[in-house]
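Reader: Hey, could you walk me through this structure? I'm new to this, so plain words please.

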Amino acid sequence: MRDSLDDLRHDLQRRLHDIRSRAEALSPLDIHVRMDAIRGEADRAGLHAMEGLARMSAQLALLPGCRVATRACLDHASDAIGAASPAERQAVLAAVALRLN
């Protein structure tokens with residue numbers, strides 16, 4: 001089970017890196033779709049912090065000014081992927097919210 005979770009984390013990191021490196025060229029809808037797919041994977045794996053961050057990113061991507069907000073979410077993705085508890089999820093989401101205000 002541990003190996004499959006590590007493989008999933010590696011895959012999510014790869015996908016997030018792809019979004020981060022291409023963010024300027026992707027449309028807001030494209031970012032939304034990609035982040036929602038990541039959200040679904042994270043949810044199924046029980047990666048609660050990553051699921052919450054991906055949900056927030058997907059929603060923010062569709063709002064005006066999405067580039068700044070999306071970048072803030074992506075900057076915290078590594079922390080979210082490594083988080084193991086609901087408290088860590090809240091900490092990651094709070095860090096993003098603080099950065100956006």
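Author: Below we chat about helices, packing and salt bridges.

Reader: What kind of model is it, and how are residues numbered?

Author: It's a predicted model, where local features need pLDDT of at least 70, side-chain atom pairs count only at pLDDT 80 or more, and totals for chains, interfaces and linings use all residues. Residues are numbered from 1 along each chain as its sequence is written, and side-chain values use heavy atoms, with hydrogens and water left out.

Reader: Ok, how many residues does helix α2 have?

Author: Helix α2 covers residues 28–45, so to speak its DSSP run (H or I, at least four residues, numbered from the N terminus). It has 18 residues and reaches 26 Å from its first C-alpha to its last, close to the 26 Å expected at 1.5 Å a residue; the expected span is 1.5 Å times one less than the number of residues.

Reader: Which residues in α2 are buried?

Author: I31, M35, I38, R39, G40 and A42. Buried means under 20% relative accessible area, exposed over 50%, and partly exposed in between (1.4 Å probe, protein chains only).

Reader: And T70, buried or exposed?

Author: T70, which lies in helix α4, is buried, with a relative accessible area of 4%. Leaving aside neighbours within four places in sequence, T70 is in contact (heavy atoms within 4.5 Å) with I31, S57 and A61.

Reader: Switching topic: which residues of α4 meet α6?

Author: V68, A69, A72, C73 and D75 in α4 meet V96, R99 and L100 in α6. By class, that contact has six nonpolar, no polar and two charged residues. Here Ala, Val, Leu, Ile, Met, Phe, Trp, Tyr, Cys and Pro count as nonpolar, Asp, Glu, Lys and Arg as charged, and the others, Gly among them, as polar.

Reader: Cool. How many salt bridges are there?

Author: The count comes to ten, taking a salt bridge as a side-chain nitrogen of Lys or Arg within 4 Å of a carboxyl oxygen of Asp or Glu.

Reader: Got one in α2? Which side chains meet there?

Author: E41 and R44 meet in a salt bridge (2.9 Å, N to O). Both lie in helix α2, three residues apart, about one turn of the helix.

Reader: Why does that spacing point them the same way?

Author: An α-helix has 3.6 residues a turn, so residues three or four places apart point the same way.

Reader: Is R44 buried or exposed?

Author: R44 counts as exposed, at 63% relative accessibility, while E41 is partly exposed at 27%.

Methods: Helices (H or I, at least four residues) and strands (E, at least two) are DSSP runs, numbered from the N terminus.
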